[in-house]
Structure formats: C-alpha cells, structure tokens
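User: I am new to this structure and would like to learn how to read its features one at a time. Could you give me the general idea each time, and then the case at hand?

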Amino acid sequence: MIPNESKESKLQLLCGFLPARSLDKLYNFADCAGLHLILGLNALHRNPDNSWNTSSTLSLLKYGAGKKYNISWELGNEPNAYRSMVGRAVNSTQLAHDHAKLRTLLQSVRYYNRAHLYGPNAGRPRKNAVLLLDGFMKNASSIIDAVTWQHYYMDGRVKKAEDFLKTRLLDTLTEQIAKVTKVVNTHTPGKKVWLGGLGPAWAGGINNLSETYAASFLWMNSLGVAAVQGIDVVLRHSFFDYGYTHLVDQNFNPLPDYWFSLVFKRLVGPRVLAVQVAGLQRKPQPGRVIRDKLRIYAHCTSYYNPNYMRGSITIYIINLHRSRKKIKLAGTLRNRTVHQYLLQPHGEGGLRARHVQLNGEKLLMGNDETFPELKPKILRAGRTIAMPPMTIGFYVIKNINAYACRR
C-alpha cells in the first residue's frame, strides 16, 4: 500500500535463483494487476572473500531487459540478521560495496541504466540494525533512490486478539520511524524513507490472528502514522502463501486486510491533512503517558475516485474503546453531508472474524474479476458520527471544496 502516492501500487518480491519462466509469471501477474514489481535479489550468494556473487544477476538483468520488463531492484532482506539466520555477517561497508556493484550492473544494461534501486531493507531499528543503517548511509546514500527498512509489531507467541488493539503496541511504529529518519537525515537530509516490509508479527505472523479483523487495527493505524510521518510507501507482508499475514486465503478470497486496503485506496488520497480534536485527551498525570484509543486521520479524498469532486475530505477513525464513541464535526465541516463506510467483523468470530461487512453488508467478490459495489451510508448534514466499539470507519465529507484538496 502507498499512503502518500496513489498513482500506482508496488509489489515487492524477494528472490534467490529465479528461472526465466518464474520471472515471466511474476511480471505478468504484476502487470495485469497494475502493480510495479520490485525484485529483491539474493544478497547471501557470496564469494569466498564475502563479497556479493553477481554471477546470475547479469543474466537475469539481460533477460528482463530483453523482455522490456519495467522492474525496480533491491538487494537482500534484513542484513542485520544474517549472522543469526545463516551464520554469516555482512558489515555496513561491505553492504554499501554490494549495492554499488548492483548499481554498476544496472548501468551496464541499457534498459536498466535508470532503474530504481532501494535498500538496505534493514530490520527493526534496534541497536545492531541502527548501526548497520548508519554505516550504510555514510557510504551508499547516493546509490539508492529510497531507504527501506522493516517493522513488525510483535512475536508469534501472542494468543489474544485484544493484544492487537493495545495502544502501546500501535505507538511503537512512530518511535521506530523517528529512529530511522534521524539516521537517514544525518547523512542525506530529505532522502525518501520507505517501509520495505510491514506486518503484525515477525516469523510469518500468527495463525488465526494475523489474517483476521483484529490485525486490521494495526494495518490501518500503520498507514495513518506512516502518512503523517512522511513515509511515502508502505510495503506489507504478504499477499498469499508464506506465513499467516495474508491478504487473500488459499482460494484467493479476500481477507479483512484486503477489504480495508481496497476501501483505503478508493477513498484516501495522497495529501495528508492536520487533525485537531477537542475533548480527546485527558490531562496526563506526572510520569504517565496518555495514549489515544480514538485515532483520527484525515486526507484529501482520492482524485481517482469518480464519485467525489476535488475538494472532498476523507477522515478515517479507529475506535479502540470497548464502548461506542461519538464524534461531531466542527467548523467548516459542520452541516455537511457525510458518506459513511463503516467496516465491522461479519459473523460470530468478533475480532477473530475472517469476513468483513460494510455498513452492515458482507463484502464478497461478485466473481473472480468483479468487486462488490462499495456503497456508502449517507449521514445527513450535522449528524453526529457514532463509532461502535472496536471498529474502523471511513467518512467522506463531500463537496466541501477544501482549498488544500483542490490543487
């Protein structure tokens, strides 16, 4: 998903040895879906001196160029964890040299001489990852087009759906973004920072939780936080197959995060708006942090949505409370017609539901190629928004002609 860039979506795949037929299938899938393919090369294919072995990469580049495959590139996955994963460490200097070598290879193939290169796709910014990123940026900041890193909220031992709604957990992303951007801006102020991997839990997620409605609170809050913090691109794990953090099931039926992503892309545009909420925060006591259980984000409505004119505003609200909350629009938003897209779990599973309803109607594909119509519920002008407990809703204030959203 891309909170601040709505023209295209991106598909990230990490590959080792990739036969030509497999690349054809991957690219055709991405192209048919309107996605841009980012191909992650195997950084652990190493020479005896620990330098990156490029023996198969040039052949892959030439094959892709011959097919005119428009691909961006990445090298490796969580290099700070190589020692623990495979018993071989790659330091920041070597990692920078490897990316420089890949850039040289791309420039040697005419079709890819201006292809984008991203990296280093570091893991969560703990001590080792921060040190690796700092050294990498010192030596390779000019080589890459955007800095990538990964964030996962928890380990696989969580058993309760309610744990996905903990405010302390949701707030960790803000803290991690601050760490990464501080390192990046030290070496290259203004360099784009991407979330190159995001999921509720590492090691493939959590069975019967990562693919349920409960995980959508983390997903939607991540998109809101990332957009506010200036993160242009968020790449999540995963579409299908590996682990449990899926967008679709084994039969390619959409799971909750898929529906949330679809509604988000249909309604939320790239321009982020400031939100002022009165009466949301209690005064903190000395030494105590008050964490918001009602989270509100605002954007200009997507310009690609034909149902709304430029100048419309989309607000999305996450209610982590166990009780209903009322929100009244004020100022220029008052007395405006609002279109509600309220997403709730469908069925008896509650937070563990694998199905979602929109304004009370279960969301289902019409067939393999037809999305259901996303029908809003129209709230009359001046009506208070009532958010049920532990739900997420999108609200479009149409025809408001907001100046920031007309451009």
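User: Does Cys32 count as buried or exposed?

Analyst: The relative accessible area decides this: under 20% is buried, over 50% is exposed, and partly exposed lies in between, with a 1.4 Å probe and protein chains only. Cys32 counts as exposed because its relative accessibility is 72%. Please keep in mind that this is a predicted model, in which local features need pLDDT of at least 70 and side-chain atom pairs count only at pLDDT 80 or more, while totals for chains, interfaces and linings use all residues. Residues are numbered from 1 along each chain as its sequence is written, and side-chain values use heavy atoms, with hydrogens and water left out.

User: Which cysteines form a disulfide?

Analyst: A disulfide is read from a pair of cysteine sulfur atoms within 2.5 Å, and by this rule the count here is 1 disulfide. The partners are Cys300 and Cys405, whose sulfur atoms are 2.0 Å apart, and with -80° about the S-S bond their link is left-handed. Cys300 lies in strand 9 (residues 294-301) and Cys405 in helix 10 (residues 403-406), so the pair ties together parts that are 105 residues apart in sequence. Cys300 is buried, with a relative accessible area of 1%, and Cys405 is buried as well, with a value of 0%.

User: You speak of strands and helices by number; how should I read those, and where is Thr172 placed?

Analyst: Helices (H or I, at least four residues) and strands (E, at least two) are DSSP runs, numbered from the N terminus. Thr172 has its place in helix 7, which covers residues 172-187, and Thr172 counts as buried because its relative accessible area is 18%.

User: What does Thr172 touch?

Analyst: Contact means heavy atoms within 4.5 Å. Leaving aside residues up to four places away in sequence, Thr172 touches His151 and Tyr153. In addition, a polar atom of the side chain of Thr172 lies 2.6 Å from the backbone oxygen of Leu169.

User: How do I read a salt bridge, and how many are there by this rule?

Analyst: Side chains of opposite charge can pair when their charged atoms come close. The rule asks for a side-chain nitrogen of Lys or Arg within 4 Å of a carboxyl oxygen of Asp or Glu, and by it the count comes to 7 salt bridges. One of them joins Arg46 to Asp98, with the closest N and O atoms 2.6 Å apart. Arg46 lies in the loop between strand 2 (35-41) and helix 2, and Asp98 in helix 4 (residues 92-108), so the pair ties together parts that are 52 residues apart in sequence. Both Arg46 and Asp98 are buried.

User: What is the setting of the salt bridge between Arg103 and Asp145?

Analyst: The closest N and O atoms of Arg103 and Asp145 are 3.0 Å apart. This pair links distant parts of the chain, since Arg103 is in helix 4 and Asp145 in the loop between helix 5 (127-140) and strand 5 (146-154), 42 residues apart. Arg103 counts as buried at 13% relative accessibility, whereas Asp145 is partly exposed at 33%.

User: Which domains does the assignment give, and how is their interface read?

Analyst: Domain bounds come from an automatic or database domain assignment, which for the protein chain gives domain 1 (21-268) and domain 2 (294-405). Taken over C-alpha atoms, the centres of domain 1 and domain 2 are separated by 29 Å, and 37 residues of domain 1 are in contact with 36 residues of domain 2. Buried area is the accessible area (1.4 Å probe) that two parts lose on being put together, summed over both; for domain 1 and domain 2 it is about 3,100 Å², with 71% of it on carbon and sulfur atoms. Tyr213, Trp259 and Leu267 supply 25% of the area that domain 1 buries against domain 2, more than any other three residues.

User: How many salt bridges are counted between domain 1 and domain 2?

Analyst: The count between domain 1 and domain 2 is 2 salt bridges.

Terms used
A polar contact is a pair of N or O atoms within 3.5 Å; within protein, one must be able to donate a hydrogen and the other to accept it, and residues adjacent in sequence count only if both atoms are side-chain atoms.
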